[in-house]
Amino acid sequence: MEKFEKLRNLNIKVPPTIISNQDLSLTEKLILALDYSFGFKNGYNILSNVAVGELLCIHKNIVGKYRKHLIESGYLQKDSDDKRKYILTDKLKNIEIPFVTGRDNRMIIVPFEVYSHPNLNVGAKLLWGEYNSMSKNEKGYFQKRETTANKFNVSEDSITNWTKELEQYDFLEEYIIKSGYHQKNHTVLILSSSS
C-alpha cells in the first residue's frame with residue numbers, strides 16, 4: 001500500500017443515499033462512495049480500475065464491471081474531454097432514503113486502514129463505518145441487527161458475520177450481546193482506525 005501513501009488521509013464518505021440504496025451491490029456502494037469522496041475533493045476520480053481495485057482490495061475486473069454498471073445506471077459519467085475522469089451525476093440527490101432506515105441521515109465514514117484492509121469483506125468495511133458513526137457516545141453502537149440489516153439491505157446473518165470479522169481483525173474494542181425476554185441487543189464499541 002506504499003503507492004497509496006498520499007491517499008492515507010482520504011476517508012471514504014458514504015451518504016445514506018448510497019448505503020441504503022437497494023439497487024446497488026455492496027461493492028458498487030463502496031466504489032461509488034470512493035467516487036463520491038473524490039468528487040468533494042477534486043470534482044472527479046481519476047483512479048483507474050486497477051488503482052481502485054488495489055486501493056479497495058477488489059479485483060480490477062470487478063471494479064470495471066461495476067463502474068460500467070454505475071455509468072449505465074446514471075450514477076457516474078466519464079468526462080467528455082478526459083475519459084480517465086469519473087464524475088458523479090446528480091442522481092444521488094434525487095434518491096429518497098428508504099423508510100426501513102427510519103430516515104437515518106448519518107454520513108458513514110470509512111478510513112484508509114479499514115477500506116484498504118486486504119482481509120476484510122466489503123460489507124465489513126462499510127459496517128465498520130456504520131458502527132463508528134454512532135460509537136462516540138459512552139454506550140457505543142446499539143441497534144438491533146434487524147435495523148442495521150435493513151439499512152444495508154442484507155440479512156441479519158451478514159451483519160453478524162461481518163461483526164465477527166471486524167472483531168477477528170481487532171477493529172472492535174468490545175462486542176456484547178445482551179439477551180432479554182423477547183430480544184437480543186448488540187452493543188459495539190469501536191477502536192480508532194489508527195490503532
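At what angle do helix H3 (residues 49–56) and helix H4 (residues 60–72) pack, and how many Å apart are their axes? Keep in mind throughout this tour that the structure on screen is a predicted model.

**First stop: H3 and H4.** Select residues 49–56 together with residues 60–72, and you will have helices H3 and H4, which pack at an angle of about 115° with their axes 8 Å apart. Because angles of 65 to 115 degrees count as roughly perpendicular, H3 and H4 are described as roughly perpendicular to each other. If you turn the view to look through the pair, H3 passes H4 in a right-handed crossing. To see the contact itself, display the side of H3 formed by Asn 49, Val 50, Val 52 and Gly 53, and on H4 display Lys 60, Val 63, Gly 64 and Arg 67. By class, this contact of H3 with H4 comprises three nonpolar, three polar and two charged residues.

**Second stop: H2 against H4.** Keep H4 selected and add H2, which covers residues 26–41; the axes of H2 and H4 come within 10 Å and cross at roughly 75°, and these two helices are therefore also roughly perpendicular to each other. On the H2 side, show Thr 27, Glu 28, Ile 31, Leu 32 and Asp 35, which meet Ile 62, Val 63, Tyr 66, Arg 67, His 69 and Leu 70 in H4. Sorted by class, the residues of this contact divide into six nonpolar, two polar and three charged. Val 63 and Arg 67, which belong to the contact with H2, also take part in the contact with H3.

**Third stop: the largest pocket.** Stay with H2, and select Tyr 36, Gly 39, Phe 40, Leu 88, Thr 89, Asp 90, Leu 92 and Lys 93, the residues that line the largest pocket. The space in this pocket is about 150 Å³, and H2 gives the most to its lining, with three residues. The lining has four nonpolar, two polar and two charged residues by class.

**Fourth stop: Lys 85.** Next select Lys 85, placed in the loop between strand S2 (76–78) and strand S3 (86–88). Although Lys 85 and Tyr 44 are 41 residues apart in sequence, a C-alpha to C-alpha distance drawn between them should read 5.9 Å. Leaving aside neighbours within four places in sequence, Lys 85 is in contact with Tyr 44, Asn 45, Ile 46, Gln 77, Lys 78 and Asp 79.

**Last stop: H7 and H8.** Finally, select helix H7 (residues 145–152) and helix H8 (residues 156–168), whose axes come within 8 Å and cross at roughly 100°, which makes H7 roughly perpendicular to H8. Their contact is made by Arg 145, Glu 146, Thr 148, Ala 149 and Phe 152 of H7 and by Glu 156, Asp 157, Ile 159, Thr 160 and Trp 162 of H8. Counted by class, the contact of H7 with H8 has four nonpolar, two polar and four charged residues.

How values were computed. Residues are numbered from 1 along each chain as its sequence is written. This is a predicted model: local features need pLDDT of at least 70, side-chain atom pairs count only at pLDDT 80 or more; totals for chains, interfaces and linings use all residues. Side-chain values use heavy atoms; hydrogens and water are left out. Axes are lines fitted to C-alpha atoms, for helices over the stretch in contact, and angles run from 0 to 180 degrees between N-to-C directions. Helices (H or I, at least four residues) and strands (E, at least two) are DSSP runs, numbered from the N terminus. Angles under 35 degrees count as roughly parallel, over 145 as roughly antiparallel, 65 to 115 as roughly perpendicular and the rest as oblique. A crossing is left-handed if the near helix is turned anticlockwise from the far one by less than a right angle, and right-handed if clockwise. Contact means heavy atoms within 4.5 Å. Ala, Val, Leu, Ile, Met, Phe, Trp, Tyr, Cys and Pro count as nonpolar, Asp, Glu, Lys and Arg as charged, and the others, Gly among them, as polar. On a 1 Å grid over the protein atoms alone, a cavity is a set of points where a 1.4 Å probe fits but cannot get out, and a pocket is an open set with protein on both sides within 12 Å along at least five of seven lines; lining residues have an atom within 4 Å of a point. Grid points are joined across faces, edges and corners, and a volume is the space filled by probe spheres set on the points.
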